Each structure stands twice: as C-alpha cells, then as structure tokens.
Amino acid sequence: MTRLPSARSAARATAVVLMATATTATGPGGVATAAEAAPGTVSYARAAADITGVGKPLDLLMHPVSGKLYVGGDILPAAPETDERGLYALDPATGAVLSHVPQAPGPNGLPRAAAVARFAGPLPGAADGVVFNYPLRGLGSAKDGDAAAQGVWLAGATVTGVGQGFSAGTTLVGQGAVLSETETATGTVKRSVTPGGIGLFAVDTARKAVWFGDFDAGRLHRVDEDTFTVMASYDIPAGLGSTRFVVVDPADGSVWVGRGNTVSVFAAGGALRTTLKGVDLAGDVAFDTVTHRAYVVWMDGDSDSVEGSDANGVGSLGVYDTETLAAAAESVPIPQSSSQYGNAAVAVTPGGGAVFVTNPNLDVAKVMKFVRKVSPKVTGQPADVTAAAGGAVELAAHAAGTPAPAVRWQSSADSGATWQNVEGDAAAKDTYAFTAEATLNGRRYRAEFSNDTGVALTDPVTLTVTAKGPEDPGTEDPGTEDPGTEDPGTEDPGTQDPGTQDPGTEDPGTEQPGGDGGSGSAGASGGTVGDTGITPNGSPSGSLASTGASMLPAAGAAAALLAAGVVAVRRSRRREVGE
C-alpha cells in the first residue's frame, strides 16, 4: 500500500546541493594540467555503511536545534519476529541510534507498540523532540531518551496528513477532505475547514497560509491562517497520476506538488510556474534556502505498466534551481528504489553536509547517507618573487574543498610548456619555502590542489634571482677609526719637559770621577746617554749614587739629553746638506 506523505515542515528545508563527480586531465608524467569539474563543484558520494536497525523507515526529520536525525519506523516484514516500530533518534554524524521510543497511547489511552508514519515538525518551544502521527489516528510527541511517547487518539477519519500549527501547542491535521487545527496534547479541535480532496497539504508559516490539494477536482486551495477559510483556488494539471507530496519552499513560498512522474511548481500567488518531468515517479522533495536548490527523490515504478517508470529498479536524486527551475546538476542514482513499497523520504543536515534518504524496499529497508564533497577552489593566489642568490624564497597559496585538498607545488623550466612536481615535504604545504639559486632564475611555479572530487591549479608565478650583493664591511671601516687614540701630536709634554727639571739634583760639578762616560755635562756630546750608572767594580756611579736622588728626575734628564742629541744630529745633517 502506497503511503501518502504529509506536508514537510520548514525544519526539513535545509541545504542540499548535488553536482557531478569531478574528473581531471593529466599531462606528461601524470601531472594534472586541468580539472574538468569547475572549482567549487558540489557532489555527493554514498557513505560506506547504510543505517539499519530502525525497522522499515517511513519518514525523516532533522531537528533544527538539537541536530539529531529522527526516523519513523514500522515493522519490517522480512523480520516480523523483531518489532522495530517506533521513534528513533540518531546521531547524523555516525548513524548510531541514540534511543528508541517504541510505544504511544492507543485508543484506550494505554501505551502500546506504535509505528511513526509521518512527522508534523519539531516540538514547539523545546530544544529537542518531535510531533508525529502514528496509525491510524494517533497524534503524539516525544524526544530522545523518552521511554514512551505522549499522545492522544483523535476522533474522526484516518489521519492523512499533519503539519506544524500556527499557534503554540497546536498541530494541523488532515483527515480526508477536512483540515483541522488541533490541540496537540488533548486532541481538541479548535477550528476546521473542508476544502475537499484527500488530505495532502503544506504549511507556509511565513506567509500564514495552508495549501490543500483537491486533486480529483483539479484544484489547489489556499487556506488563510487568520480566518481559516479558503481564500483562493487554482487549477492544477489533470491526468498526471497519483499525488505523492505537497511541499512549500520556505524561501519564496512556491508550492511543489509531486504527481506521477511530474512535479508541478506553483508560485506563492498560485500561478503555475512549470512542470518538471522525470523518468521515474516523484517521491519527495527538500529545499536549500541558501543556494536556492530543490532536492527531489525520484523512485522507480518497477513495472512497465506504471506510467512514467523506466522499470530498471534504480531511482535517483535530482537537483533544480528554484529560481530558474532548470536542472542544476547531474542526478545521483539510488539503487533498489521501488515505489511499490512506499515513498522515500529525505532530510539533510544544515549546509548540506550530509543527505539522508529512506529506502522502503522490504528486502533492503534502510536509511542511506550521502556525504557532501566539494572540488578544490583556489582562494589565495601566489605572487611573483625576486630574491638574491642564496636568499630565502616563500611562495604561498590557499584553496578550499571537501575533503580538505592536498597541495603539491610544481615548477616549469620552459616558460610553462611542461610542469614537474617539486619533490619533498616542503613542497607539500600551502607555503613553499626554499633558497634561491642562480640556476632557478626565470623558473615558473604553481600549486596544484586536489581531492577525490577534482583538481585546481593556481596561476603560475615567476622567480627572478639576482646576483649576490657585496658583503657588508661592518665594524672594520678604516675611515671611521678615531685618530686621537695614538696621535703623537696630542701627547702631554708636561710629563717629560726638561725645562722643569730641578737642576740641583744632578749638578755636574759634584759628579765623582772614575766613570767612563766623560764629564756628564748637559753640553757634552751625549756619550752619557747610554751610561748604565754602574762602575767597573759594580758600584753605582754618577750623581744618582752620590746624592741619592730619585729615579724620576734622572729619567727626565735622560730624556733631555736624548732630545739634545737628536737636535744636534738634525742640525749637523742640515749643515751637511747645505754645504
């Protein structure tokens, strides 16, 4: 029996972008020369492990606050001995089941095992938890870790759709042709309207409207929140097959209606914008309000007799630009996706990092996870560098991508005609540092960023190497030497001024005879300059010995005699020259 899904709440409209897997071209030596995929191209790859152990998954909801993935499960016919009905809270990062709420109140108010058929939205005013419908007329709520759900059994017909209420503590409930605003905790109907149809609807809380489909009559009704009456009705295409979903794009208020192998898109004002047609049956849709993309699940009909089915057993994920309504990427195949076992449901993490899709096939019932990948995109280019031989060189570049791209610097010695990878760990960093050499003058460099989705190359830059400059003479500049430290012209003459000598200490008239230096007179030829002052027998000679005068005046006298001799010699030489 085909499940008719409810309207999707705004909480499920999170970022989803699908793009084709990138490939690369290579040049000589296996060096990439270009990337076929445009930089920043987004794609999805199926995770290695699917999520199982949640019964037959019927619906999904990504909680906007807690970030948990909620799954509504039913009995899996392939394993009836294991009753897996109930509400599951999962960690979307690992797929691990955090908790299982297996029971909800039945018609008599007592807890019983209950499947979760469809979600109305997150529990209002709470950091976690969801509101949901459980067969046949149950309206419940629960959060991760609860032992059992709270809920009520509604009066009236079987519930065919649920949605987020306009006021706190309320839920919108579709029961066939009737739409009611119902208190979630008690099941009390506050107000109702009968637009007609089968009870599929979508809630646009931003524009205070409910879109209710009467597909047998070919009409789409707009119910006003304030008056809770039908304010307008619009024609919808006829003969497109059974209706599977009605969902509002929260970004612009467009209404997407999945029927057969088509999706009709209506503007917020009710006018038909376009009808998308696929090779399989439309199953569900979610929206990315940031990049303005619609993410559609197409399910195989498994039979040539099903209109719009190619009967190959493979469904797909498609992505469309919500502004142009043109295909925005290649589709991603979903194997064993059969509409005969029910509809698929979708949910995505904020930003589109991961996409979750249910597969209700009884043999492979599970939740599939698709991981977002982005081909590298250069965000920082290197610049030309000039350096002296022996100097330091740094080239820097940056790129973004998922997974984080690896970098390898490349060089070209023939003006970019061919490129070679630079070996070594230093060339595998965003900043490549090395020493300039004369042989590298004119060499070109670029960085190659790569991950498993594509390759991106920076612009090439040129290294200019100049000759090594002269060495700095430093502190040994002779021109700066201080001449005053050894300038003989600045010597203090007072220390050896013969004019200040005390003549009484060395009176030549009192010198004792017996020395071999002559008379010792200051006017002598200077023979006494070299006198040791020792007699041949070892006793002191001259006035120093006889008077006991100090050595300092003697030194002064010696200097005076020496000066006199020098003057005499110089005068003698001048006379010789003049002769």
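Strands here are DSSP runs of E, at least two residues in length, and they are numbered from the N terminus. The model described is a predicted one.

Confidence comes first. The chain averages a pLDDT of 78, and 73% of the residues score at least 70. Over residues 1-35 the pLDDT is below 50, although this stretch has 136 contacts in the model beyond near neighbours in sequence. A second stretch, residues 474-579, also stays under 50. For residues 474-579 the model has 46 contacts beyond four places in sequence. Where pLDDT is low, the predicted coordinates should not be read in detail.

Strand 15 is a convenient place to enter the fold. Gly-174 has its place in this strand. With a relative accessibility of 0%, Gly-174 counts as buried, because the cut-off for that class is under 20%. What does Gly-174 touch, residues up to four places away in sequence not counted? Its partners are Thr-158, Val-159, Thr-160, Gly-161, Gly-199 and Phe-201. Phe-212 lies 38 residues from Gly-174 in sequence, and the two C-alpha atoms are 9.2 Å apart in space.

Strand 15 belongs to an open sheet of 4 strands, ordered 14-15-16-17 and paired antiparallel. The edges of this sheet are strand 14 (161-164) and strand 17 (189-193), each of which pairs on one side only. From one strand to the next, the twist averages 20°. Within the sheet, strand 15 (residues 170-175) and strand 16 (residues 178-183) run antiparallel and are joined by 6 bridges. One bridge partnership sets Gln-175 against Val-178 in strand 16. Strands of a sheet pair through backbone hydrogen bonds, either parallel or antiparallel.

Phe-201, one of the residues touched by Gly-174, leads on to another sheet. Phe-201 stands opposite Phe-212 in strand 19. Strand 18 and strand 19 (residues 209-214) pair in the antiparallel sense, over 4 bridges. The open sheet that holds them has 4 strands in the order 18-19-20-21, with antiparallel pairing. Strand 18 (201-204) and strand 21 (230-235) stand at its edges, each with a single partner strand, so one side of each is left without a neighbour in the sheet. Neighbouring strands of this sheet are turned by 20° against each other on average, direction ignored.

Further along the chain come strands 26, 27 and 28. Why can strand 27 (residues 293-299) be called largely enclosed by the rest of the structure? The reason is that 6 of its 7 residues are buried. Strand 27 runs antiparallel to strand 26 (residues 281-288), and 7 bridges join the two. In this pairing Phe-287 stands opposite Ala-294 in strand 27. The hairpin of strand 26 and strand 27 has 4 residues between the strands, and in this hairpin His-292 takes a positive phi near 60°. Strand 27 is also joined to strand 28 by 6 bridges, again in an antiparallel arrangement. Ala-294 has Tyr-320 as its bridge partner in strand 28. Ala-294 therefore has a bridge partner named in each pairing, Phe-287 and Tyr-320, in a strand that is largely enclosed by the rest of the structure.

Ser-316 is found in strand 28 (residues 314-321). Ser-316 is buried, with a relative accessible area of 12%. Leaving out residues up to four places away in sequence, Ser-316 touches Val-296, Val-297 and Trp-298, together with Ser-331, Val-332, Pro-333 and Ile-334.

A second serine sits in strand 32 (residues 366-380), namely Ser-375. Ser-375 has a relative accessible area of 3% and is buried. Which backbone atoms does the side chain of Ser-375 reach? The backbone oxygen of Ala-38 is reached at 3.0 Å, and the backbone nitrogen of Gly-40 at 3.2 Å.

Aromatic residues give a last view. A search of the whole structure finds 9 aromatic pairs. Phe-132 and Tyr-134 form one that is tilted, with 6.1 Å from centre to centre and 55° between the planes. Both Phe-132 and Tyr-134 are buried. Elsewhere, Trp-409, Tyr-432, Phe-434 and Tyr-445 form one aromatic cluster.

Technical notes
Residues numbered from 1 in each chain as written. Predicted model: local features only at pLDDT ≥ 70, side-chain atom pairs only at ≥ 80, totals over all residues. Heavy atoms only, no water. pLDDT = per-residue confidence, 0-100. Contact = heavy atoms within 4.5 Å. Buried < 20%, exposed > 50% of the residue type's maximum accessible area, 1.4 Å probe, protein only. Pairing = 2+ DSSP bridges. Axes fitted to C-alpha atoms, helices over the stretch in contact; angles between N-to-C directions. Phe/Tyr/Trp six-rings, centres within 6.5 Å; stacked < 30°, edge-to-face > 60°. Polar contact = N/O pair within 3.5 Å; in protein donor to acceptor, adjacent residues only side chain to side chain.
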